[in-house]
Structure formats: structure tokens, C-alpha cells
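Dear colleague,

I am handing over the structure below, followed by an account of what was found in it. Please read the text with the coordinates open beside you.

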Amino acid sequence: MDIKKLKKGITLGALFFLPVIFLLFLYPSTNNYTPLDIVKKEVLDITNLSSAKTDLKLKDHITVLGFLGKDPEKKVVEMSNLKQLIYDKFQGFKKFQVLIFVSQGTEEAADRLKKELTRHGELKYWQFVPLNDTDTKKMFNSLRTSAVLDFNLSTDKVFIIDKELSQRGRLDNRTKNEIEQGKDAYPLTAYSTSEVAQLKNIMGADDLRVLFTEYRQKRKGEFNSTSRRAEDLKGDTK
């Protein structure tokens, strides 16, 4: 047998199979999951807000919800983080939307912010919704959070709302080290748009991905709350 041909065959085989083996090792660790916790039920829908002049709604959608209040352009960096790390990643998934509440009278500022964000891609499933102060507070108070609205009725936190108007998050957000150290459980009910690592590694890489998997399995009749294996989300697009 030609030694050169044998060596070439071994080399080509190794180049082909090593990436496959690597992915097989990764697959269990990246696809194990538990369903994303419901941290609050019966979140208000936009249809319950009299000042909302829109046909948009939260019901039957997976929504990332935010509050920019009276000075939307002040949060351009945070909204850019949200667009790049969350919206751009999930905009193709069924029934996904980003809704950001702003104060009535700030529509022009919100439009300028939207134009700034669209410099790096369209925002077809991202909308700014003007509300009066009363409805803004009413909507915010229907959520579970330790965050507060500032004097501009704004926060850098965003919230995940599922199709049944339940707020999703983590009832126990402790790390493995914190659990081993015996620290008390604490929840994660909102995600900071100013913390890139939290958006990328927690909200994007884990929580939203798990939620989409849950709904995909529900559509296929395969979901149950004890499931430990998530399906690949590929193909779950509009």
C-alpha cells in the first residue's frame, strides 16, 4: 500500500471527524435545560392601557419589554446593546417582538433613536409605544421587579413576557459556587441592557433560547416540564 496515500487518508479522516466529535461533546452541555421560570402571572396587556393608540399586543407573542420614558435618546447605548445581542439574534423566530414604552410627546425622539438603531439593520419587529405617565406606571407595576423607574419614567432593565402574559425569568439565579457556599436563593426577573455579559450569556444564550424551545415543543406536542433535552432551534423561523 502507498504510505503517502495512507497518511493522506488518515489526515483527511481526522480533519473530517474531529469537528464532528467535538460537536457531539458540546451538544449535551449546550442543549440541557429546564423550562424558564414564571416569575409573575397576569401581566397587563397593551389593550388594557387607554393611552396606547396601537393595535400591538403582548398576548400570543414572546416579548422583550422595556421603558424609556421621557428621554428615549438617553439610552441609545443600552438600546444598541439590546439590538445587537438580543434582537438581531431572535428577530427571525415566530411571534418574537421588542416593545419599548416611551412617554407621549417623545415620538420624534423615539423616531430619531429608531433611525440610529436601523443604521445596523432594520427593526421590523421592534416598536416604540407612547403612553401617558399613568399608564406607564400602571404597566410597570404589573411586573415583578426590584428595579424602579427613574424620574424620566425610564429603566435600563428589560423583561421577558410569554404568550400567556406571564413574566419569565429565574426564581433562583445563584451560580454553582453560590449554591455550594449555601447562599440564599435570589431571583432574576429583569435583564440589564447596560450589562453586555448578562444580555449575551444569560438572556440570549440561555433564557430566551429555552423559552423558544419550550413553545416549539408545545406546538409539536412534545413539551413537558420535566424535559431535560432541548431541540435545536434551527428552522423555527417565520
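In this predicted model, D172 is partly exposed, with a relative accessible area of 33%, and its salt-bridge partner is R174, the closest N and O atoms of the two being 2.8 Å apart. R174 likewise counts as partly exposed, at 23% relative accessibility. Elsewhere, D162, R168, E214 and K218 are joined into one network by salt bridges that share partners.

A search of the whole structure gives 11 salt bridges, and two others may be worth your attention. The side chains of E116 and R119 meet at 2.9 Å, N to O; E116 is partly exposed, with a relative accessible area of 32%, whereas R119 is exposed, at 60%. The side chains of D60 and K57 form a salt bridge with an N to O distance of 3.7 Å, which falls within the 4 Å cut-off for such a pair. Both of these residues are partly exposed, D60 with a relative accessible area of 35% and K57 with one of 33%.

Side chains of opposite charge can pair when their charged atoms come close. Which charged residue is buried yet has no salt bridge? That residue is K163, for which the nearest side chain of opposite charge, that of E164, is 7.0 Å away. Because a salt bridge requires a nitrogen and a carboxyl oxygen within 4 Å of each other, the separation of 7.0 Å between K163 and E164 does not qualify. K163 is placed in the loop between β5 and β6, the latter being residues 167–169. Leaving aside neighbours within four places in sequence, K163 is in contact with K59, D60, H61, I62, K95, Y215 and R219, and D60 in this list is the residue whose side chain meets that of K57 in a salt bridge.

As for the overall layout, the protein has six helices and seven strands, which run from the N terminus in the order α-β-β-α-β-α-β-α-β-β-α-β-α. Of the 238 residues, 43% are buried, and the accessible surface comes to about 13300 Å², 54% of which belongs to carbon and sulfur atoms. Among contacts between residues at least 6 apart in sequence, 74% join residues at least 24 apart.

Helix α2, residues 76–90, deserves a separate paragraph. With 15 residues at 1.5 Å a residue, α2 should span 21 Å, and its end C-alpha atoms are 20 Å apart, which agrees; there is nevertheless a bend of about 40° at K83. The buried residues of α2 are E78, M79, S80, N81, L82, K83, I86, Y87 and F90, so that K83 is both the place of the bend and a residue with under 20% relative accessible area. The cover over these buried residues includes the strands β2 (62–69), β3 (96–103), β4 (126–131) and β5 (157–161), together with the helices α3 (107–117) and α6 (196–219).

Finally, N132 lies in the loop between β4 and α4, the latter being residues 133–141, and counts as partly exposed at 25% relative accessibility. What is N132 in contact with, once its neighbours within four places in sequence are left aside? The contacts are S51 and Q104. The C-alpha atom of N132 is also 9.3 Å from that of L49, although the two residues are 83 apart along the chain.

With best regards

Methods
Residues numbered from 1 in each chain as written. Predicted model: local features only at pLDDT ≥ 70, side-chain atom pairs only at ≥ 80, totals over all residues. Heavy atoms only, no water. Helix = DSSP H or I, 4+ residues; strand = E, 2+ residues; numbered from the N terminus. Buried < 20%, exposed > 50% of the residue type's maximum accessible area, 1.4 Å probe, protein only. Contact = heavy atoms within 4.5 Å. Areas by Shrake-Rupley, 256 points an atom, 1.4 Å probe, with all protein chains shown as cover. Expected span 1.5 Å × (residues − 1). Bend = angle between axes of the 7 residues up to and from the residue. Lys, Arg positive; Asp, Glu negative; His and termini not counted.
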